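Subject: Structure handover

Hello,

Here is the structure I said I would pass on. Please open it next to this email and follow along by residue number.

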Amino acid sequence: MNQPLAYIHPEAKIAQNVVVEPFSTIYKNVEIGEGTWVGPNVTIMEGARIGKNCKLYPGCVISAAPQDLKYKGEPSTVFIGDNTVIRECVTINRGTAMDKNTTNIGNNCLIMAYVHIAHDCMIANNVIVVNSVQLAGHIEIQDYAIIGGTTAVQQFVKIGAHAMVGGGSLVRKDVPPFVKAAREPLTYAGVNSIGLRRRGFSNEKINEIQEIYRTLFLGGMNHSKALDRIELEMLPSDERDEIINFFRTSERGVIRGYSQRDED
């Protein structure tokens, strides 16, 4: 169902039941899966790969060239998974040859209005990015993370699975999985227990995660010694190992724990 006032390049690969509303433009080298709705005034540029049953709202621009002076026009892509919603005026830039050559957004994501997602970002499944969040290049956001509105995230930052970042935050360091992060400068603000319960985590599992973070942030040790103690004293589990691996592979460093001095 393509409106006559929309422009679709003849080389674009559009599934039969995709709806393209008036005044939208779809360039060549674009693929769009079944059941996707492309609202009015949407621009989808070369290199876009959009999955099934997505919704693209008015004014969004998908797969524009990276805002990176090192980009020299090389072919690159944006991948958007199935059942993902892109709201009004979102901009998503494609990747660069200097890094991954692609920007990825997973399945079942909600990207709210006025969000910018820069080149080479990797956003996993079931992620919510709230209004006016600005993501610089090379950022990784893992499954089920929630980024509060008007947050700005520095390049190369990693945000762990099930983490929740408070609105208006400046994210300069990595945010580990399962936590809430808030305040300025951004600090650990507890385990995201409500979110974890909503996703089926048991009370026992949440207590285990809380005990790990007590050791990391409230135990009076540096992260290296705290991680050694966690490995020595706590039984292995998927969550324990995920947290340990996140800290040990962090390149930017992890946000710090809260202390009373932050209120002074």
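The notes below go through the C-terminal part and then the salt bridges.

Please keep in mind that this is a predicted model.

**The annotated domain**

UniProt, in an unreviewed entry, lists residues 174-255 as "domain: UDP N-acetylglucosamine O-acyltransferase C-terminal". In the model this span is 55% helix and 11% strand. The C-alpha atoms at its two ends lie 6 Å apart.

**The hairpin of β26 and β27**

Strand β26 covers residues 179-182 and β27 covers residues 187-191. The two strands run antiparallel and are joined by 3 bridges. If you want one pair to look at, take Ala181, whose bridge partner in β27 is Tyr188. Between the strands of this hairpin there are 4 residues, and Arg183 takes a positive phi near 70°. Is β27 largely enclosed or open? Of its 5 residues, 4 are buried, so the rest of the structure largely encloses β27.

**Helix α2**

Helix α2 runs from residue 203 to residue 218, which makes 16 residues. From first C-alpha to last, the helix reaches 21 Å, close to the 22 Å expected at 1.5 Å a residue. Just after α2, Gly220 has a positive phi of about 75°.

Which residues of α2 are buried? They are Ile206, Glu208, Ile209, Ile212, Tyr213, Thr215, Leu216 and Phe217. The elements that cover them include both strands of the hairpin, β26 and β27. Three helices are also among the covering elements: α1 (193-198), α3 (223-233) and α4 (238-249).

**Salt bridges**

How many salt bridges does the whole structure hold? A search finds 12. Three pairs are described here, followed by a network.

One of them is within α2. The side chains of Arg214 and Glu211 meet in a salt bridge, with 3.0 Å from N to O. Both residues lie in helix α2, 3 residues apart, which is about one turn of the helix. Arg214 has a relative accessible area of 41% and is partly exposed. Glu211, with 38%, is partly exposed as well.

Another salt bridge is formed by Arg248 and Asp228, whose closest N and O atoms are 2.8 Å apart. This pair links distant parts of the chain, since Arg248 is in helix α4 and Asp228 is in helix α3, 20 residues apart. Arg248 is partly exposed, with a relative accessible area of 42%. Asp228 also counts as partly exposed, at 42% relative accessibility. There is a network too: salt bridges that share partners join Lys205, Glu208 and Glu239. Glu208 has already appeared above, among the buried residues of α2.

The last pair is Glu31 and Arg49, whose side chains meet in a salt bridge of 3.7 Å, N to O. Here too the pair links distant parts of the chain: Glu31 is in strand β5 (residues 31-32) and Arg49 is in strand β8 (residues 48-50), 18 residues apart. Are these two residues buried or partly exposed? Glu31 counts as partly exposed because its relative accessibility is 33%, whereas Arg49 has a relative accessible area of 16% and is buried. The cut-off for buried is under 20%.

Regards

Notes
Residues are numbered from 1 along each chain as its sequence is written. This is a predicted model: local features need pLDDT of at least 70, side-chain atom pairs count only at pLDDT 80 or more; totals for chains, interfaces and linings use all residues. Side-chain values use heavy atoms; hydrogens and water are left out. The expected span of a helix is 1.5 Å times one less than its number of residues. Buried means under 20% relative accessible area, exposed over 50%, partly exposed in between (1.4 Å probe, protein chains only). Contact means heavy atoms within 4.5 Å. UniProt positions are given in the numbering used here, feature names are shortened, and annotations may be inferred rather than shown by experiment. Two strands pair if DSSP finds at least two bridges between them. A salt bridge is a side-chain nitrogen of Lys or Arg within 4 Å of a carboxyl oxygen of Asp or Glu.
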